[in-house]
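I opened this entry to look through the model one region at a time and to write down what I found.

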Amino acid sequence: MILADVVIAPEQMPPAPGSSPVGTIIAVVLGVGLVVLLLLVARKMLSKPGAAVPPPALPKQTVVEPVLETKPPPKVELPPSEAEAKAKAEAEARRAEAERLKAERAALEKDSAEAQALKEKEEALKKDAYRAQKQAEAEEKERKKREREEAERLALEEKKRAEEAALEAKRQAEAAERAKVEAQAGATLAAGLAKTKSEGFMAKLNGLFGGGPKVIDEKVLGELEEVLFTADIGVRTASRLVELAREKAKSKELDSAEKLKGVIRREVEQIVSLKANTALGGGGPPHVIMVVGVNGAGKTTTIGKLASKAKAEGKKVVVGAGDTFRAAAAEQLDVWAERSGAELVKGKDEADPASVVFDAIKRGIEVGADLVLADTAGRLHTKANLMEELKKVKRVAEKALPGAPHEVLLVLDSTMGQNAIAQAKEFRDAVGVTSIALTKLDGTAKGGVIIGICDELKVPVAWAGVGEKVADLRKFDAKEFVEALFE
Ligand SMILES: Nc1nc2c(ncn2[C@@H]2O[C@H](COP(=O)(O)OP(=O)(O)O)[C@@H](O)[C@H]2O)c(=O)[nH]1
Ligand SMILES: [Mg+2]
């Protein structure tokens, strides 16, 4: 407004006296134009209320600044009102509260960060713990395994030690048994042949050769023939010996009875010197011996004695009770087996003998036996039956163990004399006898039968039974035999 007033002011001024109309017109036009221009500016300013329009610069000489005389305002100090104090206190309190909350929040935030860190640590620890646990379990497992292995090793060691101790005890027991068997000594072959020497053909022969030198003439040779033919040595062997003596006498080699006796002795020794297996081994293992012979010959007794001998030598022995025909045979063998410490395999009464022997050999293989002794029947309904049965036992033994039986031992009762030779031939032809056990020499004067058996069958006498004790079964020795008879 002030600006308008100031601008309008010159318009109201009267034109200067003496000016021309043209000048007046120009002045009027310029004045009108100026007014229009000012109106337009004012309108524009009014059409934009609020818009800050910078005031147009005015000529400095048109602004009149009023000079104001101002005094400094008076200082008013009011005591704060109750409400103000209250409000201030409130603000203070609220601020403090806010600060407290802020601190609390910060603490909480800190706590939660710590908690998070702790949680992470906890998780990590849990994982560590799990890993450690697993490790511990693995270590424990390993430890248990080592414990088991150590325990097994110790048990094995202990077992081995116990086995060695048992073996040593067994060795000692066997040594003691051997010593006992040896101490029993039994009868010697010479003692067993005592009757043969004092009562049998040897008594007569010694009578013939005794009484100083004698000319070997036809009379002496005739006497020799008579003695030998009644000496249980068999006709063939007697003829052979007489023949030999005649030849020697003819060639003038024999000039004394002593020399004749020497010729007979050497010949007899040669006849009985057949190599026999008395090792109770060599085949298998187990080495299988099939024992044959007629009833009462001494099979079961001989098996018992052989089992004892083998046990005393440290052998493992299985005995097969193949004589199923006689009810008491198995019991008798049982007693022998128990006495010797051998294992007995038996079948039922009247069981097939071959099956019992088969089982005994199989058992021998199973237990790692060194020796199987198979007993057999000595009599069946007929002799043919018996021989067929024995052949079958032999075949079945071969089935149980190829090569078995490694020996067929014929047990012969020497008291049978020449009949023993006939029996031996039958068994030999049926089952192929490999050696002979000649029993009961102690009770007979017919010991000369050994010579006949060896000469006629060419089967060696392996064992000589000279009594009922274990030690009374002697290994037959040709030298010992001739010494016992001729000295
Ligand atoms: N005096 C003596 N008796 C024997 C001998 N061998 C066996 N015996 C006896 O002969 C009898 C029959 O024997 P045993 O073994 O049963 O014969 P097996 O039928 O062939 O089995 C038994 O009383 C035996 O004690 C021996 O060498 N001397
Ligand atoms: Mg018997």
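Which residues of the largest nonpolar core touch the most other members? I kept in mind that the model is predicted, and found that the core holds 102 residues, of which Val319, Leu373, Ile436 and Val461 touch the most other members. In soluble globular proteins, nonpolar side chains tend to be buried together. I then followed Ile436, setting aside its neighbours within four places in sequence, and found it in contact with Leu410, Leu412, Ala424, Ile453, Val459, Pro460, Val461 and Ala462.

Next I looked up helix 8, residues 235-250. With 16 residues at 1.5 Å a residue it should span 22 Å, and its end C-alpha atoms are 22 Å apart, so the expected span and the model agree. I listed Thr237, Ala238, Leu241, Ala245 and Ala249 as the buried residues of this helix; they lie on the same side of helix 8, because they cover an arc of only 110° around the axis. These buried residues pack against helix 7 (218-229), helix 9 (257-272) and helix 15 (449-457), whereas Arg236, Glu243, Glu247 and Lys250 are exposed on the other side of helix 8. Just after the helix I noted Lys252, which takes a positive phi of about 60°.

Last, I turned to ligand 1, which has 19 residues around it, and recorded that Gly298, Lys299, Thr300, Thr301 and Gly465 come nearest. Helix 10 (residues 299-312) gives the largest share of this shell, namely three residues. Sorting the shell by residue type, I have 11 polar, five charged and three nonpolar residues around ligand 1.

Conventions: Residues numbered from 1 in each chain as written. Chains lettered and ligands numbered in written order. Predicted model: local features only at pLDDT ≥ 70, side-chain atom pairs only at ≥ 80, totals over all residues. Near = placed C-beta within 6 Å. Helix = DSSP H or I, 4+ residues; strand = E, 2+ residues; numbered from the N terminus. Nonpolar A, V, L, I, M, F, W, Y, C, P; charged D, E, K, R; others polar. Core = buried A, V, L, I, M, F, W, Y, C linked by C-beta atoms within 7 Å. Buried ≥ 20, exposed ≤ 12 C-beta atoms within 10 Å, placed from the backbone. Contact = placed C-beta atoms within 7 Å. Expected span 1.5 Å × (residues − 1). Arc of directions from axis to C-beta.
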